[in-house]
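Student: I should like a close look at a single part of this structure, the sheet, together with what surrounds it. Please describe how it is put together and which contacts and side-chain pairs accompany it.

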Amino acid sequence: MRRNLVLIGMPGSGKSAVGSTLARLLHMPFLDTDTMVVKAAGHTIPEIFAAEGEEGFRDRESAAVRAAARAKGAVIATGGGVIKRASNMRALARTGIIFFLDRPPEDIAKEDHKGRPLVGADAERIFALYHERIDLYRRYGQYHIANVSSAKEAADHISVLYKQGVVKR
């Protein structure tokens, strides 16, 4: 069985951009758990948060994670808070190799995050989330990828590790 390549990291760390680029480089299917949640719910993430709260969103996210983890040989981009539930990380680790995309919070904070319910227009919230979650990202990430330049560069780095066999398939 080909292993999935799973991307975790802060909101705005580039998981979706890196994931779609990596999937093209390796000719693998691409799954984005946030997109899966939106499609299943028929509502945007901010709408889900407004109607169901964070807990309701996390339940939907866990269902998407379980579905994505059943894939074989896919690149999976996760939501930034996926690490908040150990059951999510166990499911992803059973079938995948987990890469932590570590982008400095000061770089993330410079961007517009108005569509992200836990951040919104408050750039300081990025730093609070980073400090709240960094230990979990480090714990669950089997590989640490400094995503400081571009999605292409991060995807190239992961692709090389995969093709050279450094990452166990």
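Tutor: The account below begins with the sheet and then turns to helices, a loop residue, salt bridges and one unusual backbone angle. The model is a predicted one.

The sheet is open and is formed by 5 strands in the order E2-E3-E1-E4-E5, with parallel pairing. E2 and E5 stand at the edges with a single partner strand each, so one side of each is left without a neighbour in the sheet. On average, and with direction ignored, neighbouring strands of this sheet are turned by 25° against each other.

The pairings can be followed strand by strand. E1 and E3 pair in the parallel sense over 3 bridges, and here Leu-7 stands opposite Ala-77 in E3. Strand E1, residues 4-9, also pairs in the parallel sense with E4, over 6 bridges. Within E4, Ile-97 is the bridge partner of Leu-5. E4 in turn pairs with strand E5 (residues 143-146), again in the parallel sense, over 4 bridges. In that pairing Leu-101 stands opposite Ile-145 in E5.

How many residues of strand E4 are buried? In E4 (residues 96-102), 7 of the 7 residues are buried, so the strand is largely enclosed by the rest of the structure. In a regular strand, side chains alternate between the two faces of the sheet. In E4, Gly-96, Ile-98, Phe-100 and Asp-102 point one way, while Ile-97, Phe-99 and Leu-101 point the other way, and all are buried.

Two helices lie across strands of the sheet. H1 lies across E1, E2, E3 and E4 and runs at about 160° to E1. H7 lies across E1, E4 and E5, running at about 150° to E5. H7 also holds a salt bridge between Asp-156 and Lys-152, whose closest N and O atoms are 2.8 Å apart. These two residues both lie in helix H7 (residues 151-163), 4 residues apart, or about one turn of the helix. Asp-156 is partly exposed because its relative accessible area is 28%, and Lys-152 also counts as partly exposed, at 43% relative accessibility.

A further pair of helices is H3 and H4. Two packed helices are described by the angle between their axes and the distance between those axes. The axes of H3 and H4 come within 9 Å and cross at roughly 10°. H3 and H4 are therefore roughly parallel to each other. Their contact is made by Glu-61, Ser-62, Val-65 and Ala-69 of H3 and by Asn-88, Ala-91, Leu-92 and Thr-95 of H4. By type, the residues of this contact divide into 4 nonpolar, 3 polar and 1 charged.

The loop between strand E3 (75-77) and helix H4 (86-95) contains Val-82. Is Val-82 buried or exposed? Val-82 counts as buried because its relative accessibility is 1%, and the cut-off for buried is under 20%. Apart from neighbours within four places in sequence, Val-82 is in contact with Ile-8, Arg-58, Glu-61, Val-65, Asn-88, Met-89 and Leu-92. The C-alpha atoms of Val-82 and Thr-33 are separated by 9.2 Å, the two residues being 49 apart along the chain.

The structure holds 7 salt bridges. Glu-54, Arg-58, Glu-61 and Lys-84 are linked in a network of such bridges. The side chains of Glu-55 and Arg-85 also meet in a salt bridge, at 2.7 Å from N to O. Glu-55 lies in helix H3 (residues 45-69) and Arg-85 in the loop between E3 and H4, so this pair ties together parts that are 30 residues apart in sequence. Glu-55 counts as exposed at 53% relative accessibility, whereas Arg-85 is buried, with a relative accessible area of 18%. Another salt bridge joins Glu-52 to Arg-60, with the closest N and O atoms 3.0 Å apart. Glu-52 counts as partly exposed at 36% relative accessibility, and Arg-60 is partly exposed with a relative accessible area of 31%.

One backbone angle deserves a remark. Most residues other than glycine have a negative phi. His-27, although it is not a glycine, has a positive phi of about 55°. His-27 is placed in the loop between helix H1 (15-26) and strand E2 (30-32), and at 72% relative accessibility His-27 counts as exposed.

Key:
Residues are numbered from 1 along each chain as its sequence is written. This is a predicted model: local features need pLDDT of at least 70, side-chain atom pairs count only at pLDDT 80 or more; totals for chains, interfaces and linings use all residues. Side-chain values use heavy atoms; hydrogens and water are left out. Buried means under 20% relative accessible area, exposed over 50%, partly exposed in between (1.4 Å probe, protein chains only). Contact means heavy atoms within 4.5 Å. A salt bridge is a side-chain nitrogen of Lys or Arg within 4 Å of a carboxyl oxygen of Asp or Glu. Two strands pair if DSSP finds at least two bridges between them. Axes are lines fitted to C-alpha atoms, for helices over the stretch in contact, and angles run from 0 to 180 degrees between N-to-C directions. Angles under 35 degrees count as roughly parallel, over 145 as roughly antiparallel, 65 to 115 as roughly perpendicular and the rest as oblique. Ala, Val, Leu, Ile, Met, Phe, Trp, Tyr, Cys and Pro count as nonpolar, Asp, Glu, Lys and Arg as charged, and the others, Gly among them, as polar.
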